[in-house]
Amino acid sequence: MRLPWFEHRSPATVAEAARILAGEGPDAMLIAGGTDILPNMKRRQMAPKILVSTRKIAELKKNGHAIGAGTTLTEIVNKRDLPMGLRQAAHLVATVHLRNMGTIGGNLCLDTRCNYYNQNYEWRKAIDFCLKKDGDICWVATASKRCVAASSTDCAPALMAIGAKVKLVSANGEREVALQDFYNNDGIDYLRRKLDEILTEIWFEKDVKSTYWKLRRRGAFDFPVLGVGAAIKFNGKIVETARVALGAVASRPFLVEKAGEFLRGKTLTDEVIAEAAKLVASRAKPMDNADLDLYWRKDVSVQFAEYALKELRGDDMREVRLRTARHVLDG
């Protein structure tokens, strides 16, 4: 498959990139590592006339009180001062080659996925396309007027669990958005980022203990069919604050607020963990648009929430990680 023709711009600053986006309107799209947008363009799911590269924008690569959106996933994995849950999520994305190119900002803005959408143009044409692109019917839920393509970002649930906020910059100014408010539960209109806005920075809490668990068929190079991000701030053995987030079971990643509220003020006994995991699983609503049986994915969300909370309690979960994800990130 070949890329369609496009014009390439390479601004040196965020302000310059913002001016290009404002001037070109919907004909222009941002490209960072290109690991998502270029395959989509080859399949004719996206056809921007202008690609605005962020590769030369040094402002997007800073790492201090915040992470620059242009920081690669490999760089995040290797920064031991970052929260473990975020590093685990970045480590479980795709392969080394793609992590070397892909950025944290790009992963947060990753396109939603569906078995009826992520196919080549000829395949999609043979079924008269789908609601997400060029068609009128959602083949997953034919009575639905909303696209139910699933969120496929690993880093968003991990970052939501540590209270992340993002900074969006445009030619008209800038704004901060809590990461849980950055997404819509819509497979087409899945981001609350305007077309002329650039995600530049991510802030998060660093004084919490965090983890991320991912379910996928293959041990590498696979998108999540379930992601669980969890973070707890302890006061001794008592949970002071807690957040649990789910990914890949809806068109957006989201916090399970009832689970966090339930955990506050408690000790992580097996009984408390089991009850919290049930609260998490009750919010998982997978659709039949991804790999593995949707009913099994719903059921196993209980176990994955338990794995995350037991790891935060201090249990040794290395063998379980090797069995489920085939990868363990040390240090």
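## A buried arginine in helix H7

Arginine 124 counts as buried, because its relative accessibility is 1% and the cut-off for a buried residue is under 20%. The model in which this residue is described is a predicted one. Arginine 124 has its place in helix H7, which covers residues 121-126. Setting aside residues up to four places away in sequence, arginine 124 touches Arg43, Arg44 and Gln45, and also Tyr116, Tyr117, Gln119, Phe129, Lys133 and Asp134.

## Aromatic pairs and a cluster

A pair of aromatic rings is described by the distance of the centres and the angle of the planes. Across the whole structure, a search finds 6 aromatic pairs. One of them joins tyrosine 116 and tryptophan 123 in a tilted arrangement, with 6.4 Å from centre to centre and 50 degrees between the planes. Tyrosine 116 is partly exposed, with a relative accessible area of 29%, and tryptophan 123 likewise counts as partly exposed, at 35% relative accessibility.

Phenylalanine 182 and tyrosine 183 form an edge-to-face pair, in which the centres are 5.2 Å apart and the planes stand at 80 degrees. Both phenylalanine 182 and tyrosine 183 are buried. Elsewhere in the sequence, Trp213, Phe304 and Tyr307 form one aromatic cluster.

## Charged side chains over rings

Two phenylalanine rings are described here together with a basic side chain placed over the face. Arginine 113 lies over the face of phenylalanine 223, at 3.8 Å from the ring centre. Lysine 266 lies over the face of phenylalanine 262, and in this case the distance from the ring centre is 4.3 Å.

## Strands E9, E10 and E11

Strand E9, which spans residues 226-235, pairs with strand E10, which spans residues 238-247, in the antiparallel sense over 9 bridges. Within this pairing, glycine 229 has alanine 245 of E10 as its bridge partner. The hairpin of E9 and E10 has 2 residues between the strands, and glycine 236 takes a positive phi near 70 degrees in that hairpin.

Strand E10 is also joined to strand E11 (residues 254-255), by 2 bridges and with the two strands running antiparallel. Alanine 245 appears again in this second pairing, where alanine 245 stands opposite leucine 255 in E11. The hairpin of E10 and E11 has 6 residues between the strands, and there alanine 248 takes a positive phi near 70 degrees.

## Enclosed space

Rolling a probe the size of a water molecule over the atoms shows where empty space is left. A search of the whole structure finds 3 cavities of 30 Å³ or more, and the largest cavity holds about 60 Å³ of space. The residues that line the largest cavity are Cys114, Tyr116, Tyr117, Cys130, Leu131, Lys132, Cys138, Trp139, Val140, Cys147, Val148 and Ala149. Among these lining residues are Tyr116 and Tyr117, which are also among the residues that arginine 124 touches.

## Isoleucine 202 in strand E7

Isoleucine 202 has its place in strand E7, which covers residues 198-203. Isoleucine 202 is buried, because its relative accessible area is 1% and the cut-off for a buried residue is under 20%. Leaving aside neighbours within four places in sequence, isoleucine 202 is in contact with Ala66, Ile67, Ala69, Ile104, Leu108, Leu159, Ala164, Lys165 and Val166. From C-alpha to C-alpha, isoleucine 202 and alanine 325 are 26 Å apart in space, while in sequence 123 residues separate the positions.

Notes. Residues numbered from 1 in each chain as written. Heavy atoms only, no water. Helix = DSSP H or I, 4+ residues; strand = E, 2+ residues; numbered from the N terminus. Buried < 20%, exposed > 50% of the residue type's maximum accessible area, 1.4 Å probe, protein only. Contact = heavy atoms within 4.5 Å. Phe/Tyr/Trp six-rings, centres within 6.5 Å; stacked < 30°, edge-to-face > 60°. Lys NZ or Arg CZ within 6 Å of the ring centre and 35° of its normal. Pairing = 2+ DSSP bridges. 1 Å grid on protein atoms, 1.4 Å probe; cavity = no way out; pocket = protein on both sides within 12 Å on 5 of 7 lines; lining within 4 Å. Points joined across faces, edges and corners; volume = space filled by probe spheres on them.
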